[in-house]
Structure formats: C-alpha cells, structure tokens
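Q: Please take a close look at a single part of this structure, and then explain how that part relates to what surrounds it. A formal account, suitable for a first-year student, would be welcome.

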Amino acid sequence: TIEHLGDPAGAVREMQRTCRRDGRVFVGVPYRYGPLALQPLIHSTVVGRWLGPVFSWKTLTLLLRTSGLTPIASMRYFWNFFVGAVAVKTDYSGFPES
C-alpha cells in the first residue's frame with residue numbers, strides 16, 4: 001500500500017534497510033496500464049487522492065533499484081489492477097562485516 005503514503009520511495013528504502021542480507025522484498029502497486037489507467041485524470045479528486053499514484057513496470061523497477069533492491073520476478077495480479085515485484089537486497093551499506 002505504498003501508494004497511500006506521502007513518501008513511497010522512503011517506505012521502500014526502509015524495507016530495504018530492514019531486510020536481512022540477501023533477503024527479499026515484495027512490492028505491489030496499482031498498475032498504470034490496467035483498469036486504473038485513467039487514475040491520473042482524476043488524481044486531484046477525492047477518489048484520485050484516495051487511490052494514490054499508479055505505477056508502470058518501469059517506474060516500479062526504478063523505485064526498487066534506486067532503493068538498493070534488484071527485481072528478480074514480476075507479476076500482474078487481481079485482474080491486472082496491480083503490478084508487483086519480488087526484489088533481492090543488493091545494497092549492504094550499513095551492514096557490519098561478517
């Protein structure tokens with residue numbers, strides 16, 4: 001539900017930070033090219049603000065990669081309303097040496 005947060009990128013960075021070494025994270029977001037494709041046209045309405053932003057596969061991948069995660073699998077689900085990705089942690093900054 002990161003689309004409902006004021007800082008979706010910050011939420012993904014926190015998932016990455018708290019994920020164990022070589023751990024995996026799943027992020028699912030409303031799909032830009034599914035049934036919610038018209039959402040950007042209503043973004044300033046009450047319903048549009050409630051729905052939050054929609055994401056393409058490209059924007060989801062960029063969000064994950066800039067947060068230190070590497071996507072390893074993707075899927076569209078719930079009748080194409082959502083796109084999701086499983087990503088592995090690849091940025092270990094802040095981890096003590098083993």
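A: Helix α1 and its surroundings

Helix α1 contains both glutamate 14 and arginine 17, which are three residues apart, or about one turn of the helix. An α-helix has 3.6 residues a turn, so residues three or four places apart point the same way. The model examined here is a predicted one. In this model, glutamate 14 and arginine 17 form a salt bridge, with 2.7 Å between the closest N and O atoms. Glutamate 14 counts as partly exposed, because its relative accessibility is 37%. Arginine 17 has a relative accessible area of 53% and is therefore exposed, the cut-off for that class being over 50%.

The structure holds two salt bridges. The other pair joins arginine 13 to aspartate 7, and here the closest N and O atoms are 3.7 Å apart. This still qualifies, because the nitrogen need only lie within 4 Å of the carboxyl oxygen. Both partners are partly exposed: arginine 13 has a relative accessible area of 42%, and aspartate 7 has a relative accessibility of 42%.

Charged residues are one aspect of this helix; its nonpolar residues are another. In soluble globular proteins, nonpolar side chains tend to be buried together. The largest nonpolar core of this model has 16 residues, and those that touch the most other members are Ile2, Val12, Val27, Val29, Leu60, Leu64 and Leu69. At least two residues of this core come from each of α1 (8–18), β1, α3 (57–65) and β3. Leucine 64 shows how such elements meet: leaving aside residues up to four places away in sequence, leucine 64 touches Val12, Val27, Leu69, Pro71, Ala85 and Ala87.

Helix α3 can be examined next. Its buried residues include Leu60, Thr61, Leu63 and Leu64. These four lie on the same side of α3, because they cover an arc of only 160° around the axis. On the face turned away from this buried side are the exposed residues Lys58 and Leu62. The buried residues of α3 pack against α1, β1, β2 and β3. Helix α1 is thus one of the neighbours of that buried side.

What connects α1 to the strand that follows in the core's list, β1? Aspartate 22 lies in the loop between α1 and β1. Most residues other than glycine have a negative phi, and most peptide bonds are trans. Aspartate 22, however, has a positive phi of about 60° although it is not a glycine. With a relative accessible area of 41%, aspartate 22 is partly exposed.

Strand β1 covers residues 24–30, and five of its seven residues are buried, so the strand is largely enclosed by the rest of the structure. Strand β1 pairs with β3 in the antiparallel sense, over seven bridges. One of the partnerships is that of proline 30 with phenylalanine 82 in β3. On β3 (residues 82–89) there is also pairing with β2 (residues 69–77), again antiparallel, through eight bridges. Within that pairing, alanine 73 has valine 86 of β3 as its bridge partner. Strand β3 therefore pairs with both β1 and β2, given that two strands pair if at least two bridges are found between them.

The hairpin of β2 and β3 has four residues between the strands, and phenylalanine 78 there takes a positive phi near 50°. Tryptophan 79, which lies in the loop between β2 and β3, likewise has a positive phi, of about 55°, although it is not a glycine. Tryptophan 79 is exposed, its relative accessible area being 68%. Phenylalanine 78 and tryptophan 79 belong to one aromatic cluster, together with Phe26, Tyr77, Phe81 and Phe82. Phe82 has already appeared as the bridge partner of proline 30.

Aromatic pairs complete the account. The structure holds six of them. In one, the rings of tyrosine 31 and tyrosine 33 have centres 6.0 Å apart and planes at 80°, so this pair is edge-to-face. Tyrosine 31 is buried, with a relative accessible area of 11%, whereas tyrosine 33 is exposed, at 56%.

In summary, α1 carries the salt bridge between glutamate 14 and arginine 17, and it also supplies at least two residues to the largest nonpolar core.

Technical notes: Residues numbered from 1 in each chain as written. Predicted model: local features only at pLDDT ≥ 70, side-chain atom pairs only at ≥ 80, totals over all residues. Heavy atoms only, no water. Buried < 20%, exposed > 50% of the residue type's maximum accessible area, 1.4 Å probe, protein only. Core = buried A, V, L, I, M, F, W, Y, C linked by side-chain atoms within 4.5 Å. Contact = heavy atoms within 4.5 Å. Phe/Tyr/Trp six-rings, centres within 6.5 Å; stacked < 30°, edge-to-face > 60°. Arc of directions from axis to C-beta. Salt bridge = Lys/Arg side-chain N within 4 Å of Asp/Glu carboxyl O.
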